[in-house]
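Grab a pencil and work through these exercises with the model open beside you. Try each task before you read its solution.

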Amino acid sequence: MRQSIKTPLLTLLALSTAVLAACGPSPNSTIPGNPAQAKLNAIAITEISSDNAVNSEISLSWSEIPASSKSLKFFRRRADQSISDSLELATLSDPTRVTLQDTDPSLAPGVEYVYSIRSDNASNIAVASAESPKISIINANAIKPFKLSEPATNGATLKDPLGNGHQFSWEDSGTGLYHVQVSNTAGQVLWGAITRNTTISYGTLSGTQKQGAVTGPEDPKLIVPLALTKKIVISRPSPNATRNEVAFQGIGNTAQFRIQVSAIETQPTKGDLASARSIAIRKAEEIRFIAQ
């Protein structure tokens, strides 16, 4: 069943982005050059918020673009089409950009898409190109609704007299993968983590992660792809700004906070976020609590 999509045709985050017409050149146009092989990653994302609003997009990220590049052209086609049928989506002239979101309402669940990128120099000669694997949007309605069980209601007071951390729990959604995020009432993310558990502890006075959180060596399958770092926020003691990570902070005393848990379905391999080509995200109802 076709999902309703409320986002605009194409969301481009840089001011230098120009949305072009569909009649532009295909990625293999006969332009002089011997383009190098770049890397293009595409992830299809379907998200259901706690109020049942559905949004879908395909998020792109890329790397290994030569320094001589002056523009990047992006193309999309259905997997059953030839490369000459590619639709030109956009041209970027900002060499610092590494992500792009395609929110075209015509994108449909179950249809396989292929994205291409071509990097041109100042003389419009191709210096690099890349093509994504086939990807398709998956239906987030397949994830059953779930709720937080601890705290179960808004306004609960959580006490931590020994500073051992607060425990949070939620129902099993069947996805086997969750994103947990704690923020203050101003919306500042204090802590975010990926876990396979349905319960997790988060430190307060000590400001350190406790048993159940991400500790020790990170599971390589749970690393958030670059294209998703604005959507799935992760905190670390030493955050990486290029990946939009935020500084890890403990919860203070006698203040109100918010916890949001999202279930994540991944394809082609369940529970493998790092190599996912398609993901679906379903959020539980956000819970506000008082920490003491």
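**Exercise 1: a residue in a loop**

Find where N244 sits, then describe its backbone and its exposure.

Step 1: N244 lies in the loop between β17 (235-236) and β18 (246-247). Strands here are DSSP runs (E, at least two residues), numbered from the N terminus.

Before going on, note that this is a predicted model, where local features need pLDDT of at least 70, side-chain atom pairs count only at pLDDT 80 or more, and totals for chains, interfaces and linings use all residues. Residues are numbered from 1 along each chain as its sequence is written, and side-chain values use heavy atoms, leaving out hydrogens and water.

Step 2: Phi of N244 is near 60°, a positive value in a residue other than glycine. Most residues other than glycine have a negative phi.

Step 3: N244 counts as partly exposed, at 28% relative accessibility. The cut-offs are: buried under 20% relative accessible area, exposed over 50%, partly exposed in between (1.4 Å probe, protein chains only).

**Exercise 2: a second loop**

Do the same for N52.

Step 1: Look in the loop between β4 (39-48) and β5 (54-63), the place of N52.

Step 2: N52 is not a glycine, yet its phi is positive, about 70°.

Step 3: N52 has 52% relative accessibility, so it counts as exposed.

**Exercise 3: a cis bond**

Look up the peptide bond between Q267 and P268.

Step 1: P268 is found in the loop between β19 (255-267) and β20 (278-283).

Step 2: The bond joining Q267 and P268 is cis, with omega about 15°.

How values were computed
Helix = DSSP H or I, 4+ residues; strand = E, 2+ residues; numbered from the N terminus.
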